[in-house]
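Load the model in your viewer and keep a selection panel at hand. The stops below go from one element to the next.

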Amino acid sequence: MITLKTLIIGLGNIGMLYDLNHANKDLTLTHAKAVSRNKNFELVGAVEKDNYKRKLFENFYKRKAFKEIDKAIKDTSPDLIIVS
């Protein structure tokens, strides 16, 4: 089975926030949660300009969040990039 190393660009509502703020934790509403729950994907990091959202991502998903796209791509070598 192939596992795609996945990088998410944008940690707004659909990127990450809907799941963090929703009362029903069983729902999957965002790219970050969908990727992290699927065995065919490996969440390798995210890109976000907002420092607060980067910290939230790092604390919740235990992956690096970058401010710059080029640095994220260089450091994570993703197979798939999701722009949200």
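Helices here are DSSP runs of H or I of at least four residues, strands are runs of E of at least two, and both are numbered from the N terminus. The model is predicted.

**The sheet.** Select the four strands, which form an open sheet in the order β3-β2-β1-β4 with parallel pairing. The edge positions belong to β3 (65-66) and β4 (80-83); each has a single partner strand, so one side of each is left without a neighbour in the sheet.

**The β2-β3 pairing.** Next select β2, residues 41-47, and β3; the two run parallel and are joined by two bridges. Which residue of β3 is the bridge partner of Val 47? Show side chains there and pick Phe 66.

**Helix α4.** Add residues 69-76, which make up helix α4. This helix packs on the sheet and touches β1 (4-9), β2, β3 and β4. Its direction makes about 165° with that of β1.

**A charged pair on α4.** Stay on this helix and select Lys 71 and Asp 75, which form a salt bridge with their closest N and O atoms 2.6 Å apart. Side chains of opposite charge can pair when their charged atoms come close. Lys 71 and Asp 75 are four residues apart in helix α4, which means that about one helical turn separates them. Are these two side chains buried, partly exposed or exposed? Lys 71 counts as partly exposed because its relative accessibility is 44%, and Asp 75 falls in that class too, at 42%. There is no need to look for further salt bridges: a search of the whole structure finds one.

**Inside β1.** Now select Thr 6, in strand β1. With a relative accessible area of 0%, Thr 6 is buried. Display the residues in contact with Thr 6, leaving aside neighbours within four places in sequence: these are Val 35, Phe 41, Glu 42, Leu 43, Val 44, Gly 45, Leu 80 and Ile 82.

**A nonpolar patch.** Finish at the surface. Select Ile 14, Tyr 18, Leu 27 and Leu 29, which make a nonpolar surface patch of about 320 Å². Where does Leu 29 lie? Trace the loop between α1 (13-21) and α2 (31-37) to find Leu 29. Why does Leu 29 count as partly exposed? The reason is its relative accessibility of 32%, since the partly exposed class lies between the buried limit of under 20% and the exposed limit of over 50%.

Key
Residues are numbered from 1 along each chain as its sequence is written. This is a predicted model: local features need pLDDT of at least 70, side-chain atom pairs count only at pLDDT 80 or more; totals for chains, interfaces and linings use all residues. Side-chain values use heavy atoms; hydrogens and water are left out. Patches are made of residues with over 30% relative accessible area and no salt bridge: like charges are joined within 9 Å, nonpolar side chains (Val, Leu, Ile, Met, Phe, Trp, Tyr) within 5 Å. Accessible areas come from the Shrake-Rupley method with a 1.4 Å probe; for residues, only the protein chains shown count as cover. A salt bridge is a side-chain nitrogen of Lys or Arg within 4 Å of a carboxyl oxygen of Asp or Glu. Buried means under 20% relative accessible area, exposed over 50%, partly exposed in between (1.4 Å probe, protein chains only). Two strands pair if DSSP finds at least two bridges between them. Contact means heavy atoms within 4.5 Å. Axes are lines fitted to C-alpha atoms, for helices over the stretch in contact, and angles run from 0 to 180 degrees between N-to-C directions.
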